[in-house]
Each structure stands twice: as C-alpha cells, then as structure tokens.
Amino acid sequence: MTARNPAEPVLEKERAKTKPPSLFNVVLLNDDFTPMEFVVQVLQQFFALEREAATRVMLQVHTEGRGVCGVYPRDVAATKVERVISYARQHQHPLQCVMEENGT
C-alpha cells in the first residue's frame with residue numbers, strides 16, 4: 001500500500017447532473033368531419049385508453065376544440081402524432097394531432 005502525499009490534490013468524481021427529458025402533450029384537435037367513434041378508436045388504439053377514458057377525451061375534443069391524449073418525451077410524442085395523422089388519412093378523415101411542450 002502506498003501512502004498518499006498530502007500535497008497532491010485529490011480528484012473527486014464529478015457527478016453529471018442530468019435533467020429529465022422535456023415532456024410534450026399529444027393533442028387532438030376538433031374538426032367538423034371526423035366521426036366521434038373514429039376518434040374513440042384512435043384514442044384506444046394509439047394511446048391505450050379504455051373505452052370510457054377515450055370517450056371522455058373525445059367529448060373534450062368535441063366540446064372544447066382540443067383534448068390531451070397523453071404526455072410523452074419528444075420522440076415518442078412525435079411518433080404518435082405522425083402515426084395518428086397517417087392512420088386518419090388512410091381512413092380519409094381530416095383529424096389533426098399535434099404536440100405541444102408540457103408546461104410542467
């Protein structure tokens with residue numbers, strides 16, 4: 001065992017401070033053409049909501065013009081938006097889905 005020279009500086013491991021990733025709300029926007037049942041289906045299929053919860057979000061979209069489907073990291077949110085829009089277009093619906101930075 002070697003003795004440490006008290007004059008030598010001690011190197012301490014610096015802890016990297018990582019902050020959690022920014023979160024984004026995935027939001028459905030109301031339109032006058034997409035059927036309510038299709039919106040419920042999208043919420044169940046892409047956001048794993050039970051039928052009752054999906055119906056609540058759909059009604060919020062219908063009455064308030066928008067409804068939050070979930071909160072995700074940027075990449076996951078972007079993927080969900082892309083998939084929802086693509087699915088809606090495949091079924092010839094103009095449903096809009098966007099992501100917004102979560103304020104919390």
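## The loop between α3 and β3

Gln-92 lies in the loop between α3 and β3, the strand that runs over residues 96-101. In this predicted model, Gln-92 has a positive phi of about 60°, although Gln-92 is not a glycine. Most residues other than glycine have a negative phi. The side of the chain at Gln-92 is open to the surroundings in the computed sense: Gln-92 has a relative accessible area of 72% and counts as exposed, because the cut-off for that class is over 50%.

Gln-92 and Phe-24 are 68 residues apart along the chain. Their C-alpha atoms are separated by 27 Å.

## The loop between α1 and α2

Which residue just after α1 takes a positive phi? The residue is Ala-48, with a phi of about 55°. Ala-48 is not a glycine either, and is found in the loop between α1 and α2. With a relative accessible area of 66%, Ala-48 is exposed.

## Helix α1

Helix α1 covers residues 36-47. How far apart should the ends of its 12 residues be, at 1.5 Å a residue? The expected span is 16 Å, because the calculation takes 1.5 Å times one less than the number of residues. The end C-alpha atoms of α1 are 16 Å apart in the model, which agrees with that expectation.

Several residues of α1 are buried: Phe-38, Val-39, Val-40, Val-42, Leu-43, Phe-46 and Phe-47. The buried residues of this helix pack against β1, α2, β2 and α3.

## The nonpolar core

The largest nonpolar core has 23 residues. Within this core, the residues that touch the most other members are Val-26, Leu-28, Val-42, Leu-43, Phe-47, Val-84 and Leu-95. Two or more core residues come from each of these elements: β1 (23-29), α1 (36-47), α2 (51-64), β2 (66-73) and α3 (74-90). Which element gives the largest share of this core? The answer is α1, with seven residues.

Val-26 shows how one core member meets distant parts of the sequence. Leaving out residues up to four places away in sequence, Val-26 touches Phe-47, Gly-67, Val-68, Cys-69, Gly-70, Tyr-72, Ala-77, Val-81, Cys-97 and Val-98. One of these partners, Phe-47, is also among the buried residues of α1.

## A nonpolar patch on the surface

Nonpolar side chains are also found at the surface. Leu-23, Val-68 and Val-71 make a nonpolar surface patch of about 210 Å². Leu-23 is found in strand β1. Is Leu-23 buried, exposed or partly exposed? Leu-23 is partly exposed, with a relative accessible area of 37%, because that value falls between the cut-offs of 20% and 50%. Val-68 of this patch is also one of the residues that Val-26 touches.

## Salt bridges

How many salt bridges does the structure hold? The structure holds three. In one of them, the side chains of Glu-37 and Arg-51 meet at 2.9 Å, N to O. This pair links distant parts of the chain, with Glu-37 in helix α1 and Arg-51 in helix α2, 14 residues apart. Glu-37 is partly exposed, with a relative accessible area of 46%, and Arg-51 is partly exposed at 41%.

Another salt bridge joins the side chains of Arg-56 and Glu-52 at 3.1 Å, N to O. Both residues lie in helix α2, four residues apart, which is about one turn of the helix. An α-helix has 3.6 residues a turn, so residues three or four places apart point the same way. Arg-56 and Glu-52 are both exposed.

The side chains of Glu-100 and Arg-66 also meet in a salt bridge, at 2.6 Å, N to O. Glu-100 lies in strand β3 and Arg-66 in strand β2, so this pair ties together parts that are 34 residues apart in sequence. Glu-100 is partly exposed, with a relative accessible area of 30%. Arg-66 is partly exposed as well, with a relative accessible area of 34%.

How values were computed:
Residues are numbered from 1 along each chain as its sequence is written. This is a predicted model: local features need pLDDT of at least 70, side-chain atom pairs count only at pLDDT 80 or more; totals for chains, interfaces and linings use all residues. Side-chain values use heavy atoms; hydrogens and water are left out. A nonpolar core is a set of buried Ala, Val, Leu, Ile, Met, Phe, Trp, Tyr and Cys residues joined through side-chain atoms within 4.5 Å. Buried means under 20% relative accessible area, exposed over 50%, partly exposed in between (1.4 Å probe, protein chains only). Contact means heavy atoms within 4.5 Å. Patches are made of residues with over 30% relative accessible area and no salt bridge: like charges are joined within 9 Å, nonpolar side chains (Val, Leu, Ile, Met, Phe, Trp, Tyr) within 5 Å. Accessible areas come from the Shrake-Rupley method with a 1.4 Å probe; for residues, only the protein chains shown count as cover. A salt bridge is a side-chain nitrogen of Lys or Arg within 4 Å of a carboxyl oxygen of Asp or Glu.
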